[in-house]
Amino acid sequence: MARPMTAGTAAADVLDGIPIVPVIVLDDAAHGPDLAAALSAGGIRTAEITLRTDAGLAAIGRISAAFPDFVVGAGTVLTASDVDRAVDAGARYVVSPGWDDEVIARAADRGVVALPGVATATELQRAAKSGLDRVKFFPAEQAGGLPMIEALRGPFPAVRFLPSGGVTAANAAAYLASPAVFAVSGSWMASRKAIAAGDWTGIARASADAIASIPV
Ligand code: 3PG
């Protein structure tokens, strides 16, 4: 039987009013607070810190300690134990590239938002059955972009999407103009290279440009 979920409802709280979710890969946890400060200076108040590097988890901890109002999430969350490690470090939402029942269940148990990646109607049906009303659409550009979101929306009008993968300064506004999209996600304003180089000014500027491009 499908497990009743609270994560979809929780998503409405923690991510409400957040239109852009930077996807972060960093190699040095000490960069976390500087990165959060640069994103904030540009008007972005969240970051999905991926667990792709060893530094990810520690960076989540450092950012949450330094900036309690900054909404830190964890990305590339693949297992229930990843959920635990991320939440223990301070993550307030968890993002996955695909669907995993144990990740969804553990996120609900821990009271944090789960954003599983979906790219097909089958996965979306699973999300709807589980009570999730917000999902990541991944990899967005490769999986059909906005036309695919609009097509998937037909049978699932209540579900809203976070497109991620190939979203850039050039197409973010088009995604955000769709009522099916609650936020866009990507690395274009804070690349791994820019973070490693400590280019906080460039990251703040690209973040401000991203916020300025949001359709009103
Ligand atoms: C990812 O998984 O890395 C995200 O979807 C971001 O993709 P991007 O680097 O194409 O923005």
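Helix axes are lines fitted to C-alpha atoms over the stretch in contact, and angles between N-to-C directions run from 0 to 180 degrees. The exercises below concern a predicted model.

**Exercise 1.** Determine how helices H2 and H3 are oriented to each other, and which residues form their contact.

*Solution.*
1. Helix H2 covers residues 31–41 and helix H3 covers residues 55–66; their axes are 8 Å apart and meet at an angle of about 55°.
2. Angles under 35 degrees count as roughly parallel, and those of 65 to 115 as roughly perpendicular.
3. H2 and H3 are therefore oblique to each other.
4. The handedness of the H2 and H3 crossing is right-handed.
5. On the H2 side, the contact is made by Gly32, Pro33 and Ala36; H3 contributes Ala59, Arg62, Ile63 and Ala66.
6. Sorted by class, this contact between H2 and H3 comprises five nonpolar residues, one polar and one charged.

**Exercise 2.** Describe the sheet that contains strands E6, E7 and E8, and identify the strands at its edges.

*Solution.*
1. The three strands form an open sheet with parallel pairing, in the order E6-E7-E8.
2. Strand E6 (117–118) and strand E8 (160–163) each have a single partner strand, so one side of each lacks a neighbour in the sheet, and both stand at the edges.
3. Strand E7 (residues 134–137) is joined to E8 by four bridges.
4. Within this pairing, Arg134 has Arg160 in E8 as its bridge partner.

**Exercise 3.** State which helix lies across E7 and E8, and give its angle to E7.

*Solution.*
1. The helix is H7, which spans residues 145–153.
2. H7 runs at about 145° to E7.

Terms used: Residues numbered from 1 in each chain as written. Predicted model: local features only at pLDDT ≥ 70, side-chain atom pairs only at ≥ 80, totals over all residues. Heavy atoms only, no water. Helix = DSSP H or I, 4+ residues; strand = E, 2+ residues; numbered from the N terminus. Parallel < 35°, antiparallel > 145°, perpendicular 65-115°, else oblique. Left-handed = near helix turned anticlockwise from the far one by under 90°. Contact = heavy atoms within 4.5 Å. Nonpolar A, V, L, I, M, F, W, Y, C, P; charged D, E, K, R; others polar. Pairing = 2+ DSSP bridges.
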